[in-house]
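Work through the exercises below with the structure in view. Try each task before reading its solution.

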Amino acid sequence: MSFVTGDGSQSIRSTSSSDPSRLPTPADRLPQVYDLQRCLEFVSNNNFHRVALQFPDSLLVDAAAVFTQLSRLTPSSTEFFILGDTSYGSCCVDEVTASHSHCDALIHFGPACLSHNSNLQVLYVFGQTPLNIPKSKSAILSEIPSSKEQIILLYDLTYYYIIEKLASQLSSQLNIVLAKPNLPVNRIYDPKNKTVNLENQRLTESWLLDSDETINPVLLYVGPESTGVTHLAVRFNTNRFFCYDPDLGICSQLHSNKLISRRFYLVEKVKDSKIIGILIGTLSVRGYKEIMGAIKRLIRLANKKSYTFVVGKINEPKLCNFMEVDCFVLIGCPWSSVVDSRQWFKPIVTPYELEVALNPNRVWGSGYETELARLLPGGEGYVAPPLDGVSARADVSLITGSSRSETWGVCEPVGEGSCSDVVARDEALQVSLGAPTGVDYLSDGRSWRGLTRDLGVSEVELAIEGQSGIPESYSNEVTVTIESKEMT
């Protein structure tokens with residue numbers, strides 16, 4: 001399915017951007033492609049001594065050459081470390097791996113989600129991809145003729161060095177507002193309140209605008225298919241969204257209706273779930289601990305069971321080890337949190353979709369949120385859950401068609417029954433059971449339940465010594481030696 005005519009789901013399904021056929025960058029072009037002069041200034045001006053170099057899979061072929069040139073042009077007291085296989089998504093700053101080498105700064109090469117990290121000082125180097133300005137202008141104007149509508153120009157960050165030229169060419173016929181990446185130099189920190197104030201209007205956590213007024217703008221993205229495009233298409237699903245792929249030379253409108261419908265289906269799957277797994281997809285994005293605590297409280301108030309998993313980069317074989325979990329919620333950066341799990345064993349949802357399913361005050365369609373900070377108290381997308389005690393209401397699953405009882409509030413155990421025997425009553429005297437635990441699933445949902453002791457039934461026997469040695473030859477095995485005779 002072509003990116004420019006699809007719904008954005010193809011970019012979600014892609015799990016790796018590595019290109020094994022990619023050739024190393026010629027040595028004479030390394031300083032320009034990787035902006036080595038700016039890297040050297042970043043290190044020397046801040047007097048860093050231990051610097052991590054983070055590369056995505058697609059750029060690892062140049063990692064050794066970049067490392068060699070930087071090491072040669074800096075004092076011997078400065079050490080560089082290559083971060084190859086990142087703990088989570090390559091778009092995020094890998095603070096965990098950098099901390100293992102006690103680094104005081106990190107240089108991030110390649111595509112970046114620009115999520116606010118917690119501790120390290122970071123320099124972003126996006127690279128430079130060639131862009132044909134006349135061809136791009138012609139293709140865009142053929143799809144978007146002269147218009148007075150405000151058009152926000154977004155782009156793949158590898159075009160950052162040249163995008164102003166394209167914006168200038170388009171401004172003669174279109175009302176272009178150029179978005180700028182929200183780099184660390186644009187962030188002003190208030191040490192008293194520990195909040196972030198922005199000089200310009202913030203479109204998202206990663207993008208800033210020079211204009212103060214944006215009334216239902218049109219979005220135009222320049223760049224190839226990526227998870228960053230999907231994030232924007234989902235975030236601004238009510239806006240007209242156009243995409244221009246320079247590799248194909250085609251500009252078309254991106255329709256996200258099918259993708260949004262798919263996400264609403266996952267909301268219904270969460271409502272049907274009894275046990276929810278919380279996947280930690282980042283350890284560096286600011287606010288991940290707070291959102292994890294908020295999700296745990298929300299699941300508990302919805303009288304469901306939750307487990308927390310830290311598994312690094314997620315894949316289907318890892319998650320299939322947790323059969324009792326009905327669905328997963330992924331806490332990650334905006335680029336990695338929207339996962340197409342159609343081919344997976346269990347669905348994976350975003351924190352926003354979990355809130356829509358479990359928070360009675362959150363209404364679907366009020367604005368899709370992909371940034372963690374916006375869902376926390378004080379954020380623009382925060383919706384407080386009700387705290388008026390225990391309540392229950394009848395509902396019907398839109399997937400199975402069966403009835404279900406949605407209980408809200410913390411229920412207390414009744415009598416001396418099991419921990420799941422919970423009764424909640426409201427004015428209609430509706431009764432509901434609390435969420436089952438993983439132990440309940442192990443005893444009732446699986447045919448094999450582990451080794452049973454049968455206390456009081458089986459006879460007690462003394463333990464006997466088993467085999468010892470190595471599989472090739474245990475100590476109690478008879479070794480047979482066959483002598484070969486030379487044939488004459």
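**Exercise 1: a strand and its partner**

Task: decide whether strand β6 (residues 174–181) is largely enclosed, and give the reason.

Solution. Six of the eight residues of β6 are buried, so the strand is largely enclosed by the rest of the structure. Buried means under 20% relative accessible area, exposed over 50%, and partly exposed in between (1.4 Å probe, protein chains only). Helices (H or I, at least four residues) and strands (E, at least two) are DSSP runs, numbered from the N terminus.

The model is predicted: local features need pLDDT of at least 70, side-chain atom pairs count only at pLDDT 80 or more, and totals for chains, interfaces and linings use all residues. Residues are numbered from 1 along each chain as its sequence is written, and side-chain values use heavy atoms, with hydrogens and water left out.

Next, find the partner. Strand β5 (residues 147–155) pairs with β6 in the parallel sense over five bridges; two strands pair if DSSP finds at least two bridges between them. Within this pairing, Ile-152 stands opposite Val-177 in β6.

**Exercise 2: one residue of β5**

Task: find out whether Leu-153 is buried or exposed, and which residues it is in contact with.

Solution. Leu-153 lies in strand β5. Its relative accessibility is 0%, so Leu-153 counts as buried. Contact means heavy atoms within 4.5 Å. Leaving aside neighbours within four places in sequence, Leu-153 is in contact with Ile-163, Ala-167, Ile-176, Val-177, Leu-178, Ala-179, Leu-220 and Val-222. Leu-209 is 56 residues from Leu-153 in sequence, and 9.8 Å from it in space, C-alpha to C-alpha.

**Exercise 3: two packed helices**

Task: describe how helix α6 (residues 133–143) and helix α7 (residues 163–170) pack.

Solution. Two packed helices are described by the angle between their axes and the distance between the axes. For α6 and α7 the angle is about 45° and the axes are 10 Å apart. Axes are lines fitted to C-alpha atoms, for helices over the stretch in contact, and angles run from 0 to 180 degrees between N-to-C directions. Angles under 35 degrees count as roughly parallel, over 145 as roughly antiparallel, 65 to 115 as roughly perpendicular and the rest as oblique. α6 and α7 are therefore oblique to each other.

Then list the contact. From α6 come Ile-133, Ser-136, Lys-137, Ile-140 and Leu-141, and from α7 come Lys-165, Leu-166, Gln-169 and Leu-170.

**Exercise 4: an open sheet and a helix on it**

Task: work out which strands stand at the edges of the sheet β15-β14-β16-β17, and what packs on the sheet.

Solution. The four strands form an open sheet in that order, with parallel pairing. At its edges are β15 (305–309) and β17 (348–349), each with a single partner strand, so one side of each is left without a neighbour in the sheet. Strand β14 (residues 275–280) and strand β16 (residues 327–331) run parallel and are joined by five bridges. Here Ile-280 stands opposite Ile-331 in β16. Helix α10 (residues 288–301) packs on the sheet and touches β14, β15 and β16; the direction of α10 makes about 180° with that of β14.

Last, look at the loop between β14 and α10, which holds Ser-284. Ser-284 has 5% relative accessibility, so it counts as buried. Leu-120 is 164 residues from Ser-284 in sequence, and the two are 9.3 Å apart in space, C-alpha to C-alpha.
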